[in-house]
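Here are my notes on the model, as numbered points. Please read them with the structure open.

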Protein chains: 2
Amino acid sequence: MNKSFHQLEQAIDRVDSRFPGVPRQEVILTRLYYHIMPRLGAYLNEALKDYGIHESVWMTLMTMYACPDHVLYPSDISDTLDSSRTNATRISDELVKNGWAERQPCAEDRRKIRLVLTDAGIRFVERIMPVARDRNRSLWSDFSGDEKAQLEGLLRKLLARLGG
Amino acid sequence: MNKSFHQLEQAIDRVDSRFPGVPRQEVILTRLYYHIMPRLGAYLNEALKDYGIHESVWMTLMTMYACPDHVLYPSDISDTLDSSRTNATRISDELVKNGWAERQPCAEDRRKIRLVLTDAGIRFVERIMPVARDRNRSLWSDFSGDEKAQLEGLLRKLLARLGG
DNA sequence: GCGAAATAGTAACACGGTTTACTATAATCG
DNA sequence: CGATTATAGTAAACCGTGTTACTATTTCGC
């Protein structure tokens with residue numbers, strides 16, 4: 001078992017002996033979640049790094065690829081990624097800078113900006129797609145169908161608890 | 001169900017119809033994990049915010065509280081939190097700045113710095129402890145013992161997969 | 001013993017993200 | 001109608017963290 005996590009478990013026990021009443025399993029679950037996150041991010045970004053992008057940019061490209069005419073608005077980005085508008089702007093900047101998307105004014109609602117995937121963007125998405133899928137598949141390859149279904153259910157429950 | 005997550009699920013399906021072969025469940029699991037993380041952080045930090053600290057500072061205070069004589073070295077912080085040395089230095093700075101800990105030279109190994117919890121630090125920890133525990137308990141209160149055990153097992157497996 | 005390699009702590013900088021504040025446009029309602 | 005309110009996008013500042021580069025000290029291996 002992981003060294004650093006083991007260390008944390010011991011700390012929990014020592015705290016309990018001085019100030020009894022620690023909700024042990026709850027703390028462990030929470031800390032496990034924290035511990036996994038940066039590693040999960042690193043794992044997924046590792047494959048993307050070769051292409052000079054970050055997970056959130058990739059997710060945005062995928063979302064645009066899925067849209068009719070490959071068009072969306074920056075706020076769709078923040079909705080889908082569940083992040084701030086500011087972040088959507090920054091991601092848009094990056095897409096444009098790399099020539100994968102372009103900004104167009106929107107006639108129907110002039111507050112909006114149409115963000116359109118370019119041909120280069122489409123080719124880029126289709127080139128990366130197989131790599132990204134392999135990563136995801138291999139990440140979960142140790143898990144049985146039952147385990148994945150269980151975990152999905154439990155995570156959905158947790159998300160709901162957190163006002164998802 | 002969560003609006004933004006629902007949006008993401010639809011995007012996955014649309015991608016699949018254009019570029020078939022998406023590992024649907026795997027992608028959903030991964031994205032669920034991403035979606036939950038910031039909300040979990042916000043939930044836990046909300047209670048700590050009133051006391052002017054962040055989750056990682058709290059975890060460090062707890063760890064120090066658990067140590068013999070309330071002493072540890074900055075590298076113990078990075079081990080326990082699974083974060084960089086630099087981050088341990090910054091957290092140490094914050095503890096010292098707030099009067100919760102003090103730095104002492106270490107005679108046995110002069111590369112090291114002894115970080116000692118002050119009396120004020122101990123009082124602070126004991127004051128926050130009940131609040132932090134309540135938060136953790138209430139976070140997981142919807143989950144049965146079985147569910148928590150299941151989730152713990154699955155998360156440990158995931159951590160192991162990620163080289164934990 | 002001594003030179004090479006490892007380890008501890010820190011500072012400077014980069015990165016990905018949020019909050020706050022602003023402008024422009026659209027929708028609402030009295 | 002017109003005034004108010006809501007929404008879309010962006011810029012500026014800040015925040016928590018990681019990477020890289022450095023110094024001081026200890027440990028290792030010849």
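1. Start with the secondary structure at the DNA. This is a predicted model. Three helices each supply at least two residues of the surface near DNA strand C: α5 (85-97) of chain A, and α4 (74-81) and α5 (85-97) of chain B.

2. Next, the residues themselves. There are 21 residues around DNA strand C. Those that come nearest are Ser84(A) and Arg111(A) from one chain, and Pro74(B), Ser75(B) and Arg85(B) from the other.

3. How do the residues of this surface divide by class? Nine are charged, nine are polar and three are nonpolar.

4. Which part of the strand faces the protein, sugar or phosphate, or bases? Of the atoms of DNA strand C within 4 Å of the protein, sugar or phosphate accounts for 69%. The rest belong to bases.

5. Two base contacts deserve a look, both from chain B side chains. In Thr86(B), a side-chain N or O atom sits 3.0 Å from a base nitrogen of DNA strand C. In Arg111(B), a polar side-chain atom is 3.1 Å from a base oxygen of that strand.

6. One backbone contact goes to a phosphate. A polar backbone atom of Ile113(B) lies 3.2 Å from a phosphate oxygen of DNA strand C.

7. Now the domains of chain A. The domain assignment gives domain 1 as 1-49 and domain 2 as 53-135. Six residues from domain 1 of chain A and seven residues from domain 2 of chain A make up the contact. Taken over C-alpha atoms, the two domain centres are 34 Å apart.

8. On interface size: accessible area lost when parts come together is often the figure given. Here, domain 1 of chain A and domain 2 of chain A bury about 680 Å² between them. Carbon and sulfur atoms give 59% of that area. Three residues, Tyr43(A), Asn45(A) and Leu48(A), supply 67% of what domain 1 of chain A buries against domain 2 of chain A. No other three residues supply more.

9. What polar and ionic links cross this interface? The count is one salt bridge between domain 1 of chain A and domain 2 of chain A. Glu46(A) and Arg135(A) form a salt bridge, with their closest N and O atoms 3.8 Å apart. Three residue pairs are in polar contact across the interface, both residues at pLDDT 80 or more. The side of domain 1 of chain A that touches domain 2 of chain A has three nonpolar, two charged and one polar residue.

Note on methods: Residues numbered from 1 in each chain as written. Chains lettered and ligands numbered in written order. Predicted model: local features only at pLDDT ≥ 70, side-chain atom pairs only at ≥ 80, totals over all residues. Heavy atoms only, no water. Near = heavy atom within 4 Å. Polar contact = N/O pair within 3.5 Å; in protein donor to acceptor, adjacent residues only side chain to side chain. Helix = DSSP H or I, 4+ residues; strand = E, 2+ residues; numbered from the N terminus. Nonpolar A, V, L, I, M, F, W, Y, C, P; charged D, E, K, R; others polar. Domains from an automatic or database assignment. Contact = heavy atoms within 4.5 Å. Buried area = accessible area lost by both parts, 1.4 Å probe. Salt bridge = Lys/Arg side-chain N within 4 Å of Asp/Glu carboxyl O.
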